[in-house]
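This briefing covers charged contacts and a surface patch. Please keep the sequence and the three-dimensional view at hand while reading.

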Amino acid sequence: MNQQSPAAVPETAAAQDARHESARANGIHIAGLTKTYIGDEGRKVALHDVDIDIAEGDVYGVIGLSGAGKSTLVRCINGLESYDKGSVTVRGHEVGDLSKKQLRDLRRGIGMIFQSFNLMPSRTAAGNVELALLDSDLTAAQRATRVSRLLDLVGLKDKADSYPSELSGGQKQRVAIARALANNPKVLLSDEATSALDPSTTKSILKLLRRLHDDLGLTIVIITHQMSVIKQICNRVAVIDHGTITEEGRTFDVFANPRTPLTQAFVATTSSLGKIDDLIADKSPLIALHPGQVLLRMRYISQEVSEALVSHISRTFGIDANIIVGDIDVIDDAPLGGLVVILDGAADRIEAAIDYLRNRNIGIEVLTA
Amino acid sequence: MNQQSPAAVPETAAAQDARHESARANGIHIAGLTKTYIGDEGRKVALHDVDIDIAEGDVYGVIGLSGAGKSTLVRCINGLESYDKGSVTVRGHEVGDLSKKQLRDLRRGIGMIFQSFNLMPSRTAAGNVELALLDSDLTAAQRATRVSRLLDLVGLKDKADSYPSELSGGQKQRVAIARALANNPKVLLSDEATSALDPSTTKSILKLLRRLHDDLGLTIVIITHQMSVIKQICNRVAVIDHGTITEEGRTFDVFANPRTPLTQAFVATTSSLGKIDDLIADKSPLIALHPGQVLLRMRYISQEVSEALVSHISRTFGIDANIIVGDIDVIDDAPLGGLVVILDGAADRIEAAIDYLRNRNIGIEVLTA
Amino acid sequence: MTILNSWFPNVAARFPEFIDSIIQTLVMVLVSGLISFVLATLFAVLLTLTANDGLTPNRAVFNVLDKLVNLLRSIPFIILAAALVPVTRAIAGTAIGTRGAIFPLVVGITPFFTRQIQSALAGVDRGLIEAAESLGMSVPRIVRRVYLREAVPSIIRVSVIATVSLIGLTAVVGIVGGGGLGDFAIRYGYQRYMLDATYATIIVLVVLIGIIEFVGRQLVELTEH
Amino acid sequence: MTILNSWFPNVAARFPEFIDSIIQTLVMVLVSGLISFVLATLFAVLLTLTANDGLTPNRAVFNVLDKLVNLLRSIPFIILAAALVPVTRAIAGTAIGTRGAIFPLVVGITPFFTRQIQSALAGVDRGLIEAAESLGMSVPRIVRRVYLREAVPSIIRVSVIATVSLIGLTAVVGIVGGGGLGDFAIRYGYQRYMLDATYATIIVLVVLIGIIEFVGRQLVELTEH
Amino acid sequence: RSNRAKGTTVVTVGLVGDSDEEIWKTVQQVLDSENAGITIETKSFQDGICANRAQANGELDLTAFQHYAFLEQEISDNGYELSPIGETYICPLNLYSDKYTDVSQFQAGDQVAIPSNATNTGRALKVLDAAGLIQLADNTKENPTVDDIVANPSGIDIQLVDSPSIVNLLPDYAGGITNANFIVDAGRSVSDAVFQMNPDASDPALKPYVNIIVAQTSKKDDPTYQKVVDAYHSKAVADIITSSYDGTYVPAFSY
Ligand SMILES: Nc1ncnc2c1ncn2[C@@H]1O[C@H](COP(=O)(O)OP(=O)(O)OP(=O)(O)O)[C@@H](O)[C@H]1O
Ligand SMILES: Nc1ncnc2c1ncn2[C@@H]1O[C@H](COP(=O)(O)OP(=O)(O)OP(=O)(O)O)[C@@H](O)[C@H]1O
Ligand SMILES: [Mg+2]
Ligand SMILES: [Mg+2]
């Protein structure tokens, strides 16, 4: 047994909330935000009465179906999109009320990575990054140093002199990332910044963001379709559906206890635990049960559990637990996920084992193959 | 114990190879393919001596770092890109030798989803899909029916009359998918077709592709950065690095036994098993070992293992196995992945358990926290 | 009519002629505009397709067309119009009057129009052409369904520009007796120093061009998504 | 020189005048081209910024400029040139000669040039402007670093078109005492039926325009990535 | 523009510019008063080259804008089969200046504008010759050019300019020669000239510059055309020319 409180380094929920309160003044606060597009085919409400609080230092994930309004949301944060109703305060300023000059100053502190990159075709990779630095106090030589450091960070040192048309999709995206970071922003808005990147590059970019966050207190808003990105880097996450926020909270909580069907579906896709349903539907031989066997899905649903559960029931109740699929990940320094196992043994022992697990605060579901 | 041969429905390697032989004539065969771009800054070898055999009915994944040459590779398959050397045969025709007319006929049988969508801005979603049908024998009414069926398949029924500029990134991508499928192609080339899609939509698109594959024998070439896509749908996968194929084989084999560091890194990112290294580096309290405890990584490395291993060692050797992270997925109907556990018990019993596991053909690695 | 009489006495004195010349201008612009639009589109498509990076590169066709366009653009219009008289007569039956003006106008504006449409076609994203190719579309169909169709807003924009230039040329064909507003302005305003004739002409032309630009803008808005 | 004498006897007879007129054309095109390029760029930028969907919408400025451009474009050039004589004299000190030709040429070509550059600027992807905005760039800097810079290839393309049109206009100001090749061709070729003068002029103009287009193409290739 | 009564013969007359519209209105009135059954339709051209070409091709019945010199030049250049069938008037071509009041004041280097079309260039050179500013090899030569200048005692610099522009540009030149109709239309007076050539139709030196009505040679004896010429050669027309044109034209016919 290895019963430990994970509180030593990871924040408790209470501590996190406290920090939030103090950091709130410098964060991003969205209240009652409503935004309507007026197109050829009439009006399209892209955001409806959205409330979000992002504290300074948060790494805030935004997920949702394609077309839900995620891009629109972040575009409202740096004032690229005007809004019909509501309030968007960034670092203490109401974005909609700022003068042009003030808006410019605010934007200098906000890096943005666009979903479509928006690189300048006439400038090389280095030129695109340098663009962000032209209005700084740096000398040309200092700029050049900084640009090559940034390109190095995103792994594009050798592509400094290539034009966007000569870069692959992922290379373009990395230039966009370097540009967004060039100005040492306090806030980073990232719209699908890793969608065109291979897993290794994604990982290194996320590491980079994490480091910037840890070292410089960068506040990051990440739109992504990759649940793994959320799991790896976000401390909070919002789920947006048809322009409204349907779920919001600490990443662990949302992933552990998704409330809406949409979030449940999202979480399910991140974990192979959902795959068992497909196997059942396909009548896979892998889960063909012999008489007396029970197919069981166990989920960690609270942050405090970390035990040798399978060993324990195997020994205590004298049953076999064959792990069919497993997905136990570590989020916020606590294990999250679960296992699907086939229990084999005497019926009453199985019964007892299931009861034991229920008492250990494990989510238990008996599946029928 | 639940020892079963997974061969009942999933193909054995031998059976798959046999089918390949027969389907080879109708597949895609690339031999010695070399392609050089001549840009402003000189020559850039995008592909070098690439050999790939894709049999009819394969769902063939191509993965690789950003800029590795994946897009270039598929563009050579339907003749959008000319090549310097080598041979590309598609359904029995050498692409480079075809007359324009023949190339057109070939292309009608190949659907392509572009990394950058390439939707016609002047046409609605429906119009873009219909474009693919204009040269068919269908009447206008038949076309309309087919278009709305296709849009329905990709979940865009209500966006039929929207122009691309009014669609979100993922909606555009789905229109591109519908267009590529419109002509009932025999081969589908998909360049990052799900990169802009949320997990649920991705899942439904993959299901759709899978169904088309199963029902119509569609051959699919998928470029993707999402390992989960490869795992879910591809039976074979190639890894491309700096323009050369570094690894190729059945998906299970590649994921179970990645040979090159690049592939290993890719596979690691798909599985939380790699996360343990981060936890170790971070000195996470979750894996702080008490005296006598051993941190162990177990991997399923052959397709034939499916046993109640943890139960077995717990009972047989009287030790505790606390699962820290787990990732057991089902690929090609066999479990793939593994667990990281902390073994707790008498030193000799742990020793014996590890020996037992080694003999069961389980990849074993003792980690030092 | 009283304003006309007091502000534009010379125009009032030849009001039917003024109205006639407006109609002549409209006829000339409309007819030669339509003809040269068709020709320019044809040439622009040919140039686009046969260029080095086109769908059907053909150095010979491209060079001949390209040089011909340059040749015609380099000849001052007045010289061109005079040189074309025999051809005009053979084609239109007459070299004078509104009818005789059409052919030289077409020859005069088509090269310019061709270059404009060519650049509109060049604005069509290469990726769209590739998408059409990947659907197995034939070249003529790619031209119709992608090049021309996707360039519609740009083509409208350049057509407005070309039409305005064409109006400028109609003033010069006045020389061959083509009539029209420009001719009216030159004969009375320039050659006879009747300033009111010049002003009246300018007012009508401003309104005319305003209408053309307005219609163009509306069409662009309608066709651009 | 013998070919010149036998093929172009009339040109050979007035060879210094021919060379002079070439130089005059070059000077007129160069000087008025440069001036109007600067003005047209300025106006185009103003129009782009003050338009409804621009960075600093301003209905008043936009409308005044827009209407002014239309007004000037609607006046047949020969009338415009004649009407401008007093202003030209006030500005340039004389209304004749190459010097007196510059101002009317600038007034004549700038509106057209403005529209062309305006459409080149309209071709700059909205997303690029947004990217610059998101970097907190000021409007003048966005103009310089994004609008103008990203439009360079298009601006070169339209400049070639405008320059060729400008050469056409020089033929007209020639009539009003500007000299130049067009004037040479009209006086000898058109009015005195010396066909060889026309041909010689056309040859020189074709070569000139060919050079301009060639240089333009090279520049486009150099600046387009 | 004119009432096209049924059963009348229509005669199209090509003109250059519109100065003569009053004259042709009067000719129509004369024809009407004679019940000649002829309707004149005028067609204005901006320049004479196109008008002649149109007539040579039978697209005009008559033209009335040119003088003998221009017609002859055109015939010799283009081989047109055109013939004069009646004289009309003479249009004085004088030297004007905003700068000087007398010919003697012209100095070396002074620019003098003269009409750019071929025959008027020749005629203007003769004016300069007569004014003593230059010397032509032969001042009776039909269409002298600048190459025929043998001496330039005044040292003036001769510029060829489009006729209607010359009045406008007079402030920029030391002097300019142009047709009287432009001077009158521009609101100046013919008598402002610093040097005039006596507009006497009987002066053989000026004979080439007498304006004429021209028909195609094959139809030069057409009685209808003759009736038009006769109507032109009437007192009513002569009166109009002298009264309405302020010295622009001097009738060159007797009535
Ligand atoms: N300019 C526009 N005119 C009309 N409708 C628009 C416009 N831009 C976006 N929309 C609509 O607004 C909704 C939200 O768009 P948005 O781009 O914010 O979605 P998203 O959540 O970013 O989607 P994705 O994940 O696919 O990028 C979509 O339904 C889209 O169709
Ligand atoms: N037109 C071009 N000119 C020069 N180099 C090019 C061109 N197109 C691509 N390349 C280069 O060729 C290489 C392969 O490009 P490709 O687009 O095939 O990469 P990819 O594997 O699809 O990358 P990604 O995953 O980022 O889309 C890249 O290094 C890229 O920089
Ligand atoms: Mg988006
Ligand atoms: Mg790619």
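In this predicted model, D:D183 counts as buried, with a relative accessibility of 5%. Its salt-bridge partner is D:R187, which is likewise classed as buried, at 9% relative accessibility. Over all chains, a search of the whole structure finds 55 salt bridges; a selection follows, together with a nonpolar patch on chain D.

**Salt bridge within a helix of chain D**

- The closest N and O atoms of D:R187 and D:D183 are 3.1 Å apart.
- Both residues belong to helix α11 of chain D, which spans residues 181-190.
- Because D:R187 and D:D183 lie four residues apart in this helix, about one helical turn separates them.
- D:D183 is placed in the buried class because its 5% relative accessibility falls under the 20% cut-off.

**Salt bridge between strands of chain B**

- B:R236 and B:E248 meet through their side chains in a salt bridge, with an N to O distance of 3.3 Å.
- This pair links distant parts of the chain, its members being 12 residues apart.
- B:R236 lies in strand β9 (residues 236-241) of chain B, and B:E248 lies in strand β10 (residues 244-250) of chain B.
- B:R236 is buried, with a relative accessible area of 12%, whereas B:E248 is partly exposed, with 29%.

**Salt bridge in chain E and a network across chains C and D**

- In chain E, a salt bridge joins E:D148 to E:K141, and their closest N and O atoms are 3.1 Å apart.
- E:D148 is buried, at 17% relative accessible area, while E:K141 is partly exposed, at 37%.
- Elsewhere, one network is formed by salt bridges that share partners, joining C:D66, C:K67, C:R73 and C:R115 with D:E213 and D:R217.

**Nonpolar surface patch on chain D**

- A nonpolar patch of about 870 Å² is present on the surface.
- The residues that make this patch are D:L195, D:Y199, D:I203, D:V207, D:I211, D:F214, D:V215, D:L219 and D:L222.
- One of these residues, D:V207, is found in helix α12 of chain D, which covers residues 195-223.
- D:V207 is partly exposed, with a relative accessible area of 45%.
- The value of 45% for D:V207 satisfies the accessibility requirement for patch residues, because that requirement is a relative accessible area of over 30%.

Terms used:
Residues numbered from 1 in each chain as written. Chains lettered and ligands numbered in written order. Predicted model: local features only at pLDDT ≥ 70, side-chain atom pairs only at ≥ 80, totals over all residues. Heavy atoms only, no water. Patch = residues over 30% accessible without salt bridge, like charges linked within 9 Å, V, L, I, M, F, W, Y side chains within 5 Å. Areas by Shrake-Rupley, 256 points an atom, 1.4 Å probe, with all protein chains shown as cover. Salt bridge = Lys/Arg side-chain N within 4 Å of Asp/Glu carboxyl O. Helix = DSSP H or I, 4+ residues; strand = E, 2+ residues; numbered from the N terminus. Buried < 20%, exposed > 50% of the residue type's maximum accessible area, 1.4 Å probe, protein only.
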